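Good morning, colleagues, and thank you for joining this session. I would ask you to keep the structure in view while I speak.

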Amino acid sequence: MATLNIFSTTDEVLTGLADFFVQSATEAIAERERFTVALSGGSSPKKLYELLASAAYKEQVEWDKVYFFFGDERNVPDTNPDSNALMVKKALFDPLNIAQQQIFKVNTLHSPDEAAKEYAYDIKAFFNHQEVVFDLVLLGLGDNSHTASLFPHTDILHDISASVEPVFLEDQQVFRISFTALLINQARYIAFLVYGQGKAEAVHHVLEDERNIEEYPAQLIRTDADVHWFLDEPAASLIKK
Ligand SMILES: O=C1O[C@H](COP(=O)(O)O)[C@@H](O)[C@H](O)[C@H]1O
């Protein structure tokens, strides 16, 4: 069973996850002298990144030993307001002066297919072509139960490689580039950040409904105790068990 951490307020959720990030980083650096983390995008995590860059947290992590990746990216230039890379640059990388060689971004100047292949290669090369095991993968949850860019009824849900793939979203007529579920599931720790009443139904479907990955893709993510959900009470309000 995944570990559920439920807090009263959004600020408490963010602090809970920031503390978990620090703990995971400290453990990884002590054991392997580096911390590899795949970041999530979208609307929810910006506040987490700002918190990690704040005075309260910035001295708690050896940032020069942290290597950053992106679990998914929009197929837009990294100057576009929709870019996950731009959001993280403003919220985390620039305030902490993270060196470019610690940041592994998707090259969205290439076609989605090429960008995904190139990113998969860069990741494998970073891990010396051994099994890719991130220390931590951060995830969000869309109100349609997508996570990373594993969207309902897309081909990537059936991908059986631990890799990076392009995803076409028919309803929006846009591409994204995303880790596959298998790549995410190889991580040491996985943490979901989910807050707000608007996410309550998705949380219930993913954690408690019958398995239906076409409708609830986040059910593809493993559910052992090293998968930590950080929720506020509104987002957790439809959890029955
Ligand atoms: O894991 C992720 O989830 C979000 C959905 O989060 P939201 O806060 O925007 O609702 C997703 O779109 C994002 O790209 C991804 O990394």
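In helix α1, the buried residues are Val13, Leu14, Leu17, Ala18, Phe21, Ser24, Ala25 and Ala28. Please bear in mind throughout that this is a predicted model. Helix α1 runs over residues 10–32, which makes 23 residues. From its first C-alpha to its last it reaches 32 Å, close to the 33 Å expected at 1.5 Å a residue. Just after α1 comes Glu33, with a positive phi of about 60°.

Let me place this helix within the annotated region. The UniProt record, an unreviewed entry, lists residues 9–229 under "domain: Glucosamine/galactosamine-6-phosphate isomerase". In the model, that span is 34% helix and 17% strand. The end C-alpha atoms of residues 9–229 lie 15 Å apart.

I turn next to the ligand. Which residues come nearest to the ligand? Among the 14 residues around it, they are Ser40, Gly41, Gly42, Ser44 and Gly140. By residue class, the shell around the ligand divides into 3 nonpolar, 10 polar and 1 charged.

Now to helix α5, residues 112–126. Its 15 residues should span 21 Å at 1.5 Å a residue, and its end C-alpha atoms are indeed 21 Å apart, so the two values agree. The buried residues here are Ala115, Ala116, Tyr119, Ala120 and Ile123. Why do these residues count as lying on the same side of α5? Because they cover an arc of only 130° around the axis. On the other side of α5, Asp113, Glu114 and Ala125 are exposed. As for what covers the buried residues of α5, the elements include three strands, namely β3 (66–70), β6 (164–169) and β7 (174–179). After α5 the chain continues with Asn128, whose phi is positive, near 55°.

A second helix invites a similar reading. In α7, which covers residues 200–208, the buried residues are Ala200, Ala202, Val203, Val206 and Leu207. Seen down the axis of α7, these buried residues fall within an arc of 160°, and therefore they line one face of the helix. Their cover includes β8 (189–194) and β9.

Between α7 and β9 (227–232) there is a loop, and Tyr216 lies in it. Is Tyr216 buried or exposed? Tyr216 is buried, because 22 other C-beta atoms lie within 10 Å, and the cut-off for a buried residue is 20 or more. Leaving aside residues up to four places away in sequence, Tyr216 touches Ser145, His205, Val206 and Asp209. Of these, Val206 is also one of the buried residues of α7. By contrast with those contacts, Tyr216 and Ile177 are 19 Å apart in space, C-alpha to C-alpha, and 39 residues apart in sequence.

The contact with Ser145 leads us to another loop. Ser145 is placed between β5 (136–139) and β6. Ser145 is buried, with 24 other C-beta atoms within 10 Å. Its phi is near 70°, a positive value in a residue other than glycine. For context, most residues other than glycine have a negative phi.

Ala148 is found in the loop between β5 and β6 as well. Its phi is also positive, near 45°. Ala148 is buried, with 32 other C-beta atoms within 10 Å.

Further along this loop between β5 and β6 we find Thr154. Thr154 counts as buried, because it has 21 C-beta neighbours inside 10 Å. The C-alpha atoms of Thr154 and Ile184 are separated by 17 Å, and the two residues are 30 residues apart along the chain.

Asp159 likewise lies in the loop between β5 and β6. How many C-beta neighbours does Asp159 have inside 10 Å? The number is 20, and Asp159 therefore counts as buried, since the cut-off is 20 or more. Setting aside residues up to four places away in sequence, Asp159 touches Glu165 and Thr180. Asp159 and Phe69, in turn, are 90 residues apart in sequence and 20 Å apart in space, C-alpha to C-alpha.

To close, I would return to two of the points made. The buried residues of α5 lie on the same side of that helix, and those of α7 line one face of theirs. Thank you for your attention.

How values were computed. Residues numbered from 1 in each chain as written. Predicted model: local features only at pLDDT ≥ 70, side-chain atom pairs only at ≥ 80, totals over all residues. Near = placed C-beta within 6 Å. Nonpolar A, V, L, I, M, F, W, Y, C, P; charged D, E, K, R; others polar. Helix = DSSP H or I, 4+ residues; strand = E, 2+ residues; numbered from the N terminus. Expected span 1.5 Å × (residues − 1). Buried ≥ 20, exposed ≤ 12 C-beta atoms within 10 Å, placed from the backbone. Arc of directions from axis to C-beta. Contact = placed C-beta atoms within 7 Å. UniProt positions renumbered as here; feature names shortened; annotations may be inferred.
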